[in-house]
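I opened the notebook to look up the fold, the helix packing and a few odd backbone spots. The entries are in the order in which I looked.

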Amino acid sequence: MTELEKGPQGLRRGRGARERILSASQQLFREQGINQTGMDQLCALAQVSKRTAYQHFAGKDELVAEYLRRFDPDVMPGVFDRADVTPRERLLAAFDLPTTATPDEITPLCPFIAASVEIPDPHHPARQRAHDYKKAVAARLAETAREAGATNPEQLGEQLALLLDGASARNRALNTETFPTAAAIAAVLIDNAIPTPAAIPTPARR
C-alpha cells in the first residue's frame, strides 16, 4: 500500500494520514477555533475517513493536545537560540514576531491562549500543554535576562511574558498591530532591570 493509496470511498489513507490530520487541525483550529471545528470537517479536509482518524487519535481531545505539542516544540528557537545578537537584543526580538497577515486579521491569536479560552477544564491535556508552554516561555525569557545582567531575571521574565500575552490578546481584540508598542514597553522594562555599568572615573590632569 502506498502512502497516497485511495480507500474504498476515494479517501486517502496510509502512513501520511496522521500528518494530514494534524495539518488540517492546524489550519482549522487557527482559522475558526477549536470548538467550532468538528471531526467531520477535519476528516474531509485531511481526506481520511473518521475510522482512520480515530485509529490515529482516540478523540478530538487527544488531537487538540497533539496539535499544541507540535506547535513550537522548542519554544521560540528563532529568538532564544540566536548567537548573532546580544542577550538584550534577544529579549527584544521576542516582540518582533513574524506575522501571518490575512485580509481579515493582522496576526492570529496565540494558539495556547486560544485553547485556554476555549477549553474550560484545567485538567484537559491541551490546557496542561498550554500551561507548560507559557511557563517555558517565561523561563527562557528569565534565562536570557540573566545573561543580559538583569538584577532580578525571574521578575523580568514574568513581566515580558505577560507583555507578550497581552499584546497577542489585544492584537486580536482590536485587529491592529500591537507588538511595536509592546516592544517599546519591553525596552523600558529591560533597561530598568539591567544596571548601567558604573562610569570609570577619568584620571585628574596634573
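The entries below go from the whole chain to single residues.

**Entry 1. Whole chain.** I note at the start that this is a predicted model. I looked up the secondary structure and found 10 helices and 0 strands in the protein chain. Read from the N terminus, the order of elements is α-α-α-α-α-α-α-α-α-α. I then looked up burial: of the 206 residues in the protein chain, 41% are buried. The accessible surface of the chain is about 12100 Å², and carbon and sulfur atoms account for 53% of that. For contacts between residues at least 6 apart in sequence, I found that 60% join residues at least 24 apart.

**Entry 2. Helix 1 against helix 2.** At what angle do helix 1 and helix 2 pack? I read about 125 degrees for helix 1 (residues 17–32) and helix 2 (residues 39–46), with the axes 8 Å apart. The two helices are therefore oblique to each other. I noted the crossing of helix 1 and helix 2 as right-handed. On the helix 1 side, the residues that meet helix 2 include Ile21, Ala24, Leu28 and Phe29. On the helix 2 side I listed Gln41, Leu42, Leu45 and Ala46. An α-helix has 3.6 residues a turn, so residues three or four places apart point the same way.

**Entry 3. Helix 8 against helix 9.** I looked up a second pair, helix 8 (residues 125–148) and helix 9 (residues 153–174), which pack at about 130 degrees with their axes 7 Å apart. That angle makes helix 8 oblique to helix 9. The crossing of helix 8 with helix 9 is right-handed. From helix 8, the residues in this contact include Lys134, Val137, Ala138, Leu141 and Ala145. From helix 9, they include Pro153, Leu156, Gly157, Leu160, Ala161 and Leu164.

**Entry 4. Helix 4.** Which residues of helix 4 are buried? I found Leu63, Val64, Ala65, Glu66, Tyr67 and Leu68 buried there. I then looked up what covers the buried residues of helix 4, and the cover includes helix 1, helix 2, helix 7 and helix 8. Just after helix 4, Asp72 has a positive phi of about 50 degrees.

**Entry 5. Positive phi in loops.** Most residues other than glycine have a negative phi, and most peptide bonds are trans. I looked up residues that depart from this. Gln47 has a positive phi of about 60 degrees although it is not a glycine. I placed Gln47 in the loop between helix 2 and helix 3 (50–56). Is Gln47 buried or partly exposed? Gln47 has a relative accessible area of 31%, so I entered it as partly exposed. Val75 is also not a glycine, and its phi is positive at about 60 degrees. I placed Val75 in the loop between helix 4 (60–70) and helix 5 (77–80). The relative accessibility of Val75 is 9%, so it counts as buried.

**Entry 6. Cysteines.** How many disulfides does a search of the whole structure find? I got 0. Cys43 has a relative accessible area of 5%, which is under the 20% limit, so Cys43 is buried. Cys110 is buried as well, because its relative accessible area of 14% is also under 20%.

**Entry 7. Around Cys110 and Ser168.** I placed Cys110 in the loop between helix 6 (87–93) and helix 7 (111–118). Leaving aside neighbours within four places in sequence, the contacts of Cys110 are Arg30, Lys134 and Ser168. I also checked Cys110 against Leu164: they are 54 residues apart in sequence and 9.8 Å apart in space, C-alpha to C-alpha. I followed the contact on to Ser168, which lies in helix 9. Ser168 has a relative accessible area of 9%, so I entered it as buried. Not counting residues up to four places away in sequence, Ser168 touches Leu109, Cys110, Ile113 and Phe179. The contact of Cys110 with Ser168 therefore links the loop before helix 7 to helix 9, and I closed the notebook there.

Definitions and conventions:
Residues are numbered from 1 along each chain as its sequence is written. This is a predicted model: local features need pLDDT of at least 70, side-chain atom pairs count only at pLDDT 80 or more; totals for chains, interfaces and linings use all residues. Side-chain values use heavy atoms; hydrogens and water are left out. A disulfide is a pair of cysteine sulfur atoms within 2.5 Å. Buried means under 20% relative accessible area, exposed over 50%, partly exposed in between (1.4 Å probe, protein chains only). Helices (H or I, at least four residues) and strands (E, at least two) are DSSP runs, numbered from the N terminus. Contact means heavy atoms within 4.5 Å. Accessible areas come from the Shrake-Rupley method with a 1.4 Å probe; for residues, only the protein chains shown count as cover. Axes are lines fitted to C-alpha atoms, for helices over the stretch in contact, and angles run from 0 to 180 degrees between N-to-C directions. Angles under 35 degrees count as roughly parallel, over 145 as roughly antiparallel, 65 to 115 as roughly perpendicular and the rest as oblique. A crossing is left-handed if the near helix is turned anticlockwise from the far one by less than a right angle, and right-handed if clockwise.
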